Amino acid sequence: MIDYAHSVIGQPKDCWETLEDHLAAVARTAGENAAAIGAQPLAEAAGWLHDLGKVKPGFQDKLNGNLNNTSHSGEGARYADAHIRGVNGKLVAFCIAGHHSGLPNGLARSHGKPSTPLRERLEQSEDVALPDGVFLPEQKLSVPLNSLPENPYFEVHFFTRMLFSTLVDADFIETERFYTPNAPRGTQAELHVLRDALSKTLEAFPPPKSLLNRLRTSILAAAADRAALSPGFFSLTVPTGGGKTYASLRFALDHALVHGLRRVIYVAPFTAIIEQTADVFREALGDNDAVLEHHSAFDQQDIDNKDDEDAAERMKLAAQNWDRPIIVTTAVQLYESLFANRTQKCRKLHSIVRSVIILDEAQSLPVNFLRPCLAALKELTRGYGCSVVLCTATQPAISDDDGLNVPEAIVKAETREIAPDPDHLYAQLNRVDVQQVGTLSNDALAHRVAGRKALVIVNNKRQARVLFDLLGKGAALHLSTNMTARHRQRILARIKDGFDGPVISTALVEAGVDLDFPEVWRAVAGLDSIVQAAGRCNRNGLLDKGQVFVFEPEDGFPPPPELALNATIARDVIRDYPDPLHPDAVRAYFKRLYWDRSADLDSRQIMQRIADAKFEFPFADIAADFRLIEEVTRPLIIGAGPYGLDNAGENLLEHGKYPGAIARAMQRFTVSVAPRIRNELVRLGAAHMVRPDEFGDQFVVLDNIRLYDEEAGFSPEDPEDLGNIIT
């Protein structure tokens with residue numbers, strides 16, 4: 001009797017996929033995925049066993065159309081736990097048990113999304129024999145773990161997620177190959193070709209005549225020279241405007257080629273940085289298909305071919321497992337994936353192995369999760385062949401030499417600086433003076449900047465809108481995440497075209513946005529934010545000194561609660577240091593920040609819970625608790641209007657066949673809003689769901705364009721006001 005893994009509705013059984021064929025395919029691909037982490041035998045064993053439960057008559061009945069609730073993942077987990085020696089058997093059992101629903105807890109039911117722990121799964125599963133054609137030689141079941149002296153439980157926990165990634169990605173890929181053999185995957189891009197293209201781009205730059213351009217050239221040269229150093233931790237400490245984006249890419253590509261690394265992963269704290277950086281990379285490398293944005297606000301239809309939805313689908317498929325040589329992603333995506341348990345989040349993890357990871361604006365490491373994030377970065381360099389580049393103008397105090405007294409602190413002596421003499425670079429590139437101007441009311445601030453070419457950065461969208469309204473439409477420009485990416489791009493273009501008045505913005509302009517103002521006004525915030533704001537002042541060195549004014553907002557507009565301590569420490573540092581932007585001041589700021597929050601550097605006790613588990617890891621609970629952004633928002637697509645859906649977008653939304661490609665294309669027309677606001681818009685008839693039978697509530701379009709201001713973006717902050725506005 002033949003057992004099957006997958007059926008095809010309406011087709012004879014000779015068109016179905018046999019269980020033996022599927023297990024063999026997944027074992028082969030999982031082993032290939034795991035070769036880079038030295039776990040090929042374990043991954044192959046997981047592949048052979050993952051669907052073992054499909055031999056049960058109940059599951060075969062299900063494939064024949066007799067609906068039932070027969071499960072199939074527990075049997076392979078039970079077999080692995082019983083037959084693979086030592087802790088390896090439990091690790092493989094975790095992976096098999098979770099290959100559909102996600103890695104479970106070891107012992108207790110999860111406190112997040114309900115799931116059955118591994119122990120119960122094993123107890124509830126049946127003992128089944130290996131089917132014909134499946135044979136696990138003894139040597140495949142005895143792969144030893146590495147020697148793990150520093151933090152054995154964390155390292156085993158991390159290894160299990162990597163092993164899980166090799167299995168679930170293989171299962172998805174092989175199932176996809178059976179059902180959709182012509183799925184648009186793959187790229188022809190190779191790192192050496194991309195490196196050569198970058199070299200040609202850099203060689204085409206005009207001769208460096210100004211001091212600024214000479215310094216940028218020296219930084220690029222240093223990046224190329226340091227690329228031969230052995231993999232591990234690096235820092236690239238370059239003041240804003242020093243060309244660190246090109247320098248980091250140059251180092252990463254050269255370093256990857258010298259040491260046989262596989263890809264470059266560029267990690268930024270904000271989506272706005274990703275938009276600009278990915279465009280810079282595509283232009284510099286001359287290859288759109290080589291660069292993958294993940295969680296980005298860009299329209300893939302504009303990247304490849306406006307009429308080629310398959311190209312967008314190819315990118316969507318690549319995003320599932322980061323199947324591209326250049327990845328541009330967010331810090332949220334990277335860190336949450338490293339502690340995730342769900343299959344879709346974890347598929348990409350094995351692709352991180354042997355990569356160059358550039359942490360742009362490295363000072364943005366999440367303080368409340370600093371210890372687990374540092375532990376993960378250290379483990380990637382220790383056990384998985386990665387190099388990590390801490391790329392910033394303001395290096396955070398995360399090393400043992402900085403006094404960070406936690407086991408996960410980076411070893412300063414093993415961190416190599418790429419830039420030539422950062423303190424000298426700061427002295428050469430310092431182009432601003434910083435002044436504290438005390439408390440300013442919104443009226444007073446508007447009066448001070450009216451009619452002036454000035455950038456005003458505040459801590460929340462509400463104050464930005466108040467100031468913009470005080471200055472009057474036409475007299476100022478406005479930037480915030482209440483605007484679509486398409487809208488923000490138009491505003492940035494107007495600024496670069498020479499707009500001569502004030503620009504009111506939230507912090508989205510503080511990194512990765514190439515703007516130059518003679519004066520910048522910054523509401524008090526963390527010193528790293530003030531440094532970033534200063535980077536938009538006299539950026540091109542056209543003045544002897546630009547002016548940065550740090551002010552206290554009027555009552556009612558304080559820093560957000562999570563940044564209140566940062567602002568308090570910044571006030572002290574600005575008072576104590578004549579030049580608060582100097583590297584010594586920045587180091588003092590970060591030391592204070594981490595010392596004052598030492599108890600909060602692992603606010604959810606991730607590291608302690610992993611150690612206490614003793615191999616019964618609470619994967620599901622840790623994933624539920626490791627959330628860098630607590631507030632959940634939902635996308636709202638802006639309908640007709642200059643910054644909303646265009647004809648191509650409307651056509652794709654109504655007729656597109658791939659929801660992932662549609663969602664990616666909609667990003668440029670989308671703002672993020674609280675779920676309650678979006679639901680209220682739909683209830684009041686101001687918005688509607690598109691193709692809900694196919695996509696549920698994934699796509700919601702704003703119909704009432706009066707709610708989207710053509711100068712300030714989406715307006716209502718409070719859903720209780722929506723009824724009055726709409727009617």
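## A tour of one cavity, two helix pairs and one pocket

Start by selecting Val 267, Ala 268, Pro 269, Ala 331, Tyr 335, Leu 359, Asp 360, Glu 361, Ala 362, Ser 364, Leu 365 and Pro 366: these residues line the largest cavity. Keep in mind that this is a predicted model.

**Stop 1: the cavity.** The structure has one cavity of 30 Å³ or more. The space in the largest cavity is about 80 Å³. Now colour β4 (263–268), α14 (331–338) and β7 (355–360). Each of them gives at least two residues to the lining of the largest cavity. Then colour that lining by class. Nine residues are nonpolar, one is polar and two are charged.

**Stop 2: α9 and α10.** Select residues 211–226 for helix α9 and residues 244–259 for helix α10. Their axes come within 8 Å and cross at roughly 20°. Angles under 35 degrees count as roughly parallel, so α9 is roughly parallel to α10. The crossing of α9 past α10 is right-handed. Show side chains next. On α9, the contact uses Ile 219, Leu 220, Ala 223, Ala 224 and Arg 226. On α10, pick Tyr 246, Ala 247, Arg 250, Phe 251 and Asp 254. By class, this contact of α9 with α10 has seven nonpolar, no polar and three charged residues.

**Stop 3: the second largest pocket.** Stay with α9 and α10. Both give two or more residues to the lining of the second largest pocket, as do α8 (191–203) and α11 (271–285). The volume of this pocket is about 890 Å³. Which residues should you centre on? Of the 34 residues in the lining, Arg 216, Gly 242, Gly 243, Lys 244 and Tyr 246 are the closest to the pocket's centre. Tyr 246 was also selected at the last stop, as part of the α10 side of the contact with α9. Colour the pocket lining by class: 12 residues are nonpolar, 13 polar and nine charged.

**Stop 4: α23 and α24.** Move to residues 564–576, helix α23, and residues 583–596, helix α24. The two pack at about 140°, with axes 10 Å apart. That angle makes α23 oblique to α24. Their crossing is right-handed. From α23, select Leu 565, Asn 566, Ile 569, Ala 570, Asp 572 and Val 573. From α24, add Ala 585, Tyr 589, Arg 592, Leu 593 and Asp 596 to complete the contact. By class, the contact of α23 with α24 has seven nonpolar, one polar and three charged residues.

Definitions and conventions. Residues are numbered from 1 along each chain as its sequence is written. This is a predicted model: local features need pLDDT of at least 70, side-chain atom pairs count only at pLDDT 80 or more; totals for chains, interfaces and linings use all residues. Side-chain values use heavy atoms; hydrogens and water are left out. On a 1 Å grid over the protein atoms alone, a cavity is a set of points where a 1.4 Å probe fits but cannot get out, and a pocket is an open set with protein on both sides within 12 Å along at least five of seven lines; lining residues have an atom within 4 Å of a point. Grid points are joined across faces, edges and corners, and a volume is the space filled by probe spheres set on the points. Helices (H or I, at least four residues) and strands (E, at least two) are DSSP runs, numbered from the N terminus. Ala, Val, Leu, Ile, Met, Phe, Trp, Tyr, Cys and Pro count as nonpolar, Asp, Glu, Lys and Arg as charged, and the others, Gly among them, as polar. Axes are lines fitted to C-alpha atoms, for helices over the stretch in contact, and angles run from 0 to 180 degrees between N-to-C directions. Angles under 35 degrees count as roughly parallel, over 145 as roughly antiparallel, 65 to 115 as roughly perpendicular and the rest as oblique. A crossing is left-handed if the near helix is turned anticlockwise from the far one by less than a right angle, and right-handed if clockwise. Contact means heavy atoms within 4.5 Å.
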